[in-house]
Amino acid sequence: MTYINHSFPQHRQYLCAGAWILMHGHPENINCINLGRVLREFSPEEVTANIYTMVDVLLHHIHLELQRGHPLQDLMLKACGNLSIFIWTHELLPPDILLLALIDRDDNPHALRIVINLLDSKELQQRVKLYLINRGPPEHWLSSGPFKRVELQKALGNYLSWKERYPTFFDDIAARLLPIIPLIIYRLVENDAMDAADRALQVYSTFLHYYPLNFTFVRDILAYFYGHLPGKLILRILNILDIKKIPFSESFPQHINSSNAAMCPPLDYFATLLLGLVKHVIPALNNSSKCAAMGDFANNSMRAPHGKIQATSQPGPTNSSEVQKPYYQMQDPGTFTQLTLETAVIELLSLPVCPSQIVSALVQIVVHIQPTLVQSSNGLHGAPGSSGQGSILPTSPSGGSSDSLGATRTTPSVSGMNTSNFVSRSGYTCQQLSCLLIQACGLLLAQLPPEFHVQLYVEAAHIIKESWWLTDAKRSVGELESAVSYALLDPTWAAQDNTSTAIGNVVALLHAFFCNLPQEWLEGTHLIIKHLRPVTSVAVLRIAFRIMGPLLPRLANAQTLFSKTLSLLLNILVDVFGRNSQLSAPIEATEITDLIDFLHHVIHYEGQGGPVQASSKPRSEILALFGRATENLRPDVQHLLSHLNSDANSSIYAATHPKIVQTP
């Protein structure tokens, strides 16, 4: 018995010896009374350790018997039959710990077969049926009157009720399996045993209604194994939930049961999903002052998607007082806000279409949401002097040309999207609702697996690069810079004259998306800039800085990622103002003094590890990074960055702070 640690007292090897005898089919030779007496002296940790050792011995001897020519089927029947005797007849092996030990040994090809056999056993299924009968509905705690517990000895079995000093985690053997069965499903799917997972879910889905974290289990398994689950298994997984009590979209069942799996749901489905998030998840806006500028609401919602904004006369969400948390800090839904948000995630993860189709649909809604809502709301397009929505919009300075008010180009309503009653259903104005829908879209995308993030970066870069305003050769450099700048500052300016609505909305979507990502996923954001390169204009340079700029202060405590992101922005600067850059029109270095000021401030912020103080100094590694970048820049741009240098002869920082040039 090579797996026994002989440093243990001899009585602690009973379980290992039992495994040996199990393989030879003589469980009756074990003195169960003596073995039970020994087990009662074990601590829970010792019981678990010995069961793991027993499983190792069991699997090892299956391997040895196979080498001796015994049929695998006979060995499995004998092992599983004898394990059942130890579990149900003699009540010496806790089934929950045994199953855990077996799935932890899934690198052995026979471990999961034993697990599947045990799950199929009539004894276990009978225990589960008794549990369901005695327990009543899953929400049994809502019933009036005291709960009637099953007698302890009968519920737990002999091996779990030896002494009062051992606390019970659950009051039934079957209930102890509640957290184990989801782990078994995970492991079966991980080992590509889809049929076995489907069968287990078919048998135990009703039982799993009692699992306290069943909603989290459904969300996590759909996200973790996204793209690898057959449609039939996805439907089995959804059946774990009480569908009637989950706020799924009205059309969701027909989309997941569609015979045409390749057909993406219409845009109206996704827009309705986002509207639900606006109404129940996104904090309400304060619109009590009708004369307030729409841009204030847009900027507030874009910059602080989780900011607390109290509603006064706004009919928006009824639960705005709930604390908003990033998705990665959420547990099983405890509030209707979380339930609504995570239900939307489950819907998208269950759709039988690829991530690119889902992301493309959401981005298309975001790109066209403002003109679509305005056009669908009594036909108002925001013309100066008209009544309604357009009368309170500021005049856009984004073009200055005779056709900047949309005379030469219009954006029709998005095909497949019916927004005629969106504004009235939401209780917001067109401009407010458009900004909140963008915010909801970013929040939703941030909770989806990385496959969706990659597609978002690809789609966002494509929208920006193909924007008609950037590709229109008739536009002057000044007109282009003005349009892009105002679109980035406030999308509502661009919405009324349709200059760069797409650019402003996509950047706003990315900001809402970034705000809800955990820091360890932010490195993937570099992909969008890689798709934008090579950058050949100051307009696109500003867009890139606007996309990545807000991330840099957040990365102040992650030096490696901060350096990578800063290096990426400096490389884009070299694309436009490098020594060998070929621009269609000459651009003065003074055009980007604001970007230089931003870089100056952010590296002090990172060096300080927080808000900049009078004594804040950049780190020497960052100054060295600037020094390497400036070598490839034009002389006039080098002059603007001359103070950001670790060279004592050319840097004012090095001259006034000699310690900076020293290697830490």
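Here is a quick walk through this predicted model, from the whole chain down to a couple of its helices.

Let's start with the big picture. The protein has 33 helices and zero strands. It runs to 664 residues, and 52% of them count as buried. If you take the contacts between residues at least 6 apart in sequence, 75% join residues at least 24 apart. As for the outside, the accessible surface comes to about 30,000 Å², with 53% of that belonging to carbon and sulfur atoms.

Now zoom in on helix 10, which covers residues 180-190. Its buried residues are Ile180, Ile181, Pro182, Ile184, Ile185, Leu188 and Val189. What do these buried residues pack against? Their partners are helix 5 (95-103), helix 6 (111-119), helix 9 (173-176), helix 11 (194-204), helix 12 (214-224) and helix 13 (231-238). After helix 10 comes Asp192, and its phi is positive, near 65°.

Further along the chain, have a look at helix 15 (residues 267-280) and helix 17 (residues 336-350), whose axes come within 9 Å and cross at roughly 165°. Angles over 145 degrees count as roughly antiparallel, so helix 15 is roughly antiparallel to helix 17. The crossing of this pair is left-handed.

Which residues meet there? Helix 15 brings Tyr269, Phe270, Leu273, Gly276, Leu277 and His280, while helix 17 brings Phe336, Thr337, Thr340, Leu341, Ala344, Glu347 and Leu348. Sorted by type, the residues of this contact come out as eight nonpolar, four polar and one charged.

Conventions:
Residues are numbered from 1 along each chain as its sequence is written. This is a predicted model: local features need pLDDT of at least 70, side-chain atom pairs count only at pLDDT 80 or more; totals for chains, interfaces and linings use all residues. Side-chain values use heavy atoms; hydrogens and water are left out. Axes are lines fitted to C-alpha atoms, for helices over the stretch in contact, and angles run from 0 to 180 degrees between N-to-C directions. Helices (H or I, at least four residues) and strands (E, at least two) are DSSP runs, numbered from the N terminus. Angles under 35 degrees count as roughly parallel, over 145 as roughly antiparallel, 65 to 115 as roughly perpendicular and the rest as oblique. A crossing is left-handed if the near helix is turned anticlockwise from the far one by less than a right angle, and right-handed if clockwise. Contact means heavy atoms within 4.5 Å. Ala, Val, Leu, Ile, Met, Phe, Trp, Tyr, Cys and Pro count as nonpolar, Asp, Glu, Lys and Arg as charged, and the others, Gly among them, as polar. Buried means under 20% relative accessible area, exposed over 50%, partly exposed in between (1.4 Å probe, protein chains only). Accessible areas come from the Shrake-Rupley method with a 1.4 Å probe; for residues, only the protein chains shown count as cover.
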